[in-house]
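Hi,

Here is the structure I said I would pass on. Have a look at it first, and then read my notes underneath.

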Amino acid sequence: MDLIRKKRAEAVNRIISKGYLSTKRVYVGMATCEIAAGSKEVMAVFQDAIAKGLTDVYLSQKGCAGRCNLEPTVEVVEEGKIPVKYGLVTPERAREIIERHLKKGEVIQEWVI
Amino acid sequence: MADKQYKLTFCDGSGCLKNHAREFRQLFEEELRRHQIQQNVQIHLSGCLGMCTKGPILIVNPGYILYGNLRSEDAPEIVQEHLINGKPVSRLIIQEDHLYNRFFRIFGDSEFFGRQMRIALRNCGVIDPEKIDDYLAMRGYEALAKVLTEMTPQQVIEEVKKSGLRGRGGAGFPTGLKWEYTAKQSDPEKYVICNADEGDPGAFMDRSAIEGDPHTVLEGMIIGGYAIGSRQGIIYIRAEYPLAVQRLKKAIEDARREGFLGERILGTDFSFDIRICLGAGAFVCGEETALIHSIEGARGMPRPRPPYPSVSGLFGKPTLINNVETWANIPVIIIDGADWFSRIGTATSKGTKVFALAGKVRNTGLVEVPMGTTLRDIIFGIGGGIPNGKKFKAVQTGGPSGGCLPEKYLDTQIDYESLAKAGSIMGSGGMIVIDEDSCMVRMARFFVEFTQDESCGKCTPCREGTKRMLEILTRITRGQGKPGDIEKLERLGTMIQKASLCGLGQSAPNPVLSTIRNFREEYEEHIHQKKCRAHECTALLSFVVQDNCVGCGACKRVCPVNAVSGNRKEKHSINPNLCIKCGQCYDACKFNAIAKV
């Protein structure tokens, strides 16, 4: 039991050390259904942006949340703020999310689920 | 922020009421009126949320901010700070100890998620499925540690029995009993199997569960292995799920590295390992005895039971076989307790069930709801109703083994018994909504075509019977139905049900029998009047140009067989002898002048 608590604490530390808390967290849904809907391309846009110097973002993937007709989905979570989940994200929309939401902090209301 | 729509949920369970929840709510509502923001806020009441000691409870969406232990003086603060200034009052937010429902915290999508309760899917869409760290952070493998250090195998079985969990693969056998039978066998060699051979058309619960949170399934299986005294687990998964297989493989490797799988798990004397077995996608291999044959390398065919797999299963050894969703429930039962789990649901069915909601419904997707939720709540509440203003016709549950339920059954509560009583089954969780544009005969024909294709051929009634049923149904949809066909279908169906060995055969006629029972008039129309009211059966359909035709010629241009004739600005006509009923003219007409009759 102690061992598992230790393991959990270590895991949490590892996650935090990857920049979990300090930044905006972006999650892209990546299950078979979402990949079919085009989430790989969306993921690539975010990866590309980070490679090109977008900072303060923790990018991660997730399984299917069950919102099939609105896939691909992208979620932006910020500490202390209400999380935002975008539906039907295309690579173009992803680029706009980076520009408007991640860089300028503007929530793009019309795409929010 | 005052223009933002908030949704407030007040717990109205008796525990909270004892803590003056109602008085708090009245005060809160007054406060809303005082600030004149009551029109921006939607208020729901909920039944007991199971957090009675922390009442009164208030949940604010979006964001699933959970407030507890509220006093009357807190109301103005929440209204001012959270609802008006948009800053949640952290002093009053409470943390849940439970594993379930972590989901809502992250989403504002309360119409869809607010009515659900997520236990098996608790981490799906919340964590990164390829990182064991994420799972550990969500108290992953804590249930395993608890079981290994604090519980005897017998206690684990008792806990599962007490929880009232029943098999989520469809048949609903009590899971705890199955564990007990397998544990009682004296053979030192035993196997644990996870049945991930999900084959129902339109069902994807297991795939999503594995792709979203593979470690939960592993943890459940390891606990199962400990409870029955097994060293080897096998996940039987179809090869059509490459991503799920890949994530499972990664999860197994990670779990081995962290010491959750392999020799001497977490430093105890218990050793257990899991391997993956790929299935070739035969529907019948979801049946447990056929699945076992398939793992053994034999042809996937069922065998008579008893002996049940718990006595003589894989390689003749006692085998514990459960469905993905069942396994995913186990860690929650261990951590949150059987008492808590058995409070959810109905008298005979406990916990939650995952459904793959599909078909003619606004929000398609995966939903997990407590047992006892009505079909209406799922379809019109979570699902958002039927799109395009169409009328609801039926809901098909349980895939090719299930039945179609018409509107009068919409208020049926979901549990194993009530669905069976209504003439369908729980099944593994496929749920297809059908609107008025779908023909029930074709629907039945589709499912029989599927089972006919998937019948392994061992039993004559199933092999030949489904073939004959398919022939009759095909005839009916082609307008060649004969009087007496319905009775023949009923007779054949009952015979197949009675004389087949396995679940596939026994349930294959269900889609036909249930549609005959509930939509007999549609069958009769097809046979006697040669009419399909949904206009889906092309043989019973013709396209006619109506008087409001302006003679634009759009239909004429798209017709591939030149069946449309007529001069410009005059009414056109369609030659029924040439028409192949492709429907292109119908789509091309901008004046709705072409009708299906």
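Below is what I found, going from confidence to overall build, then one helix, then the contact between the chains.

Keep in mind that this is a predicted model. It scores ipTM 0.81 and pTM 0.82. Chain B has a mean pLDDT of 88, with 94% of its residues at 70 or more. Within chain B, strand β5 (residues 191-196) has the highest mean pLDDT of the elements, 96, while helix α4 (residues 110-113) has the lowest, 65. There is also a stretch to treat with care: over residues 102-108 of chain B the pLDDT is below 50, although the model gives this stretch 25 contacts beyond near neighbours in sequence.

Now the overall build of chain B. You'll find 23 helices and 17 strands in it. Its radius of gyration is 28 Å, close to the 25 Å that the globule rule gives for 597 residues, so chain B is as compact as a globular protein of that length. The C-alpha trace spans about 80 × 75 × 40 Å along its principal axes. Of the 597 residues in chain B, 53% count as buried. As for the contacts in chain B with a separation of 6 or more, 70% come from residues 24 or more positions apart.

If you want one helix to zoom in on, try α7 of chain B, residues 153-163. Which of its residues are buried? They are B:Val156, B:Ile157, B:Glu159, B:Val160 and B:Ser163. These cover an arc of only 160° around the axis, which puts them on the same side of α7(B). Turn to the face pointing away from that buried side and you'll see the exposed residues B:Gln154 and B:Gln155. The cover over the buried residues includes α6 (142-150), α8 (175-184), α10 (214-228), α13 (324-336) and α14 (338-343) of chain B. Just after α7(B) comes B:Gly164, with a positive phi of about 75°.

Last, the place where the two chains meet. The contact takes 29 residues from chain A and 38 residues from chain B. On the chain A side, α1 (2-17), α2 (32-37), β2 (57-62) and β3 (74-77) each supply at least two residues. Which of the elements gives the most to that side? That is α1(A), with 8 residues. Sorted by class, the side of chain A that touches chain B has 15 nonpolar, 7 polar and 7 charged residues.

Happy browsing, and shout if anything is unclear.

Methods. Residues numbered from 1 in each chain as written. Chains lettered and ligands numbered in written order. Predicted model: local features only at pLDDT ≥ 70, side-chain atom pairs only at ≥ 80, totals over all residues. Helix = DSSP H or I, 4+ residues; strand = E, 2+ residues; numbered from the N terminus. Rg over C-alpha atoms; globule rule 2.2 N^0.38 Å. Buried ≥ 20, exposed ≤ 12 C-beta atoms within 10 Å, placed from the backbone. Contact = placed C-beta atoms within 7 Å. Nonpolar A, V, L, I, M, F, W, Y, C, P; charged D, E, K, R; others polar. Arc of directions from axis to C-beta. pLDDT = per-residue confidence, 0-100.
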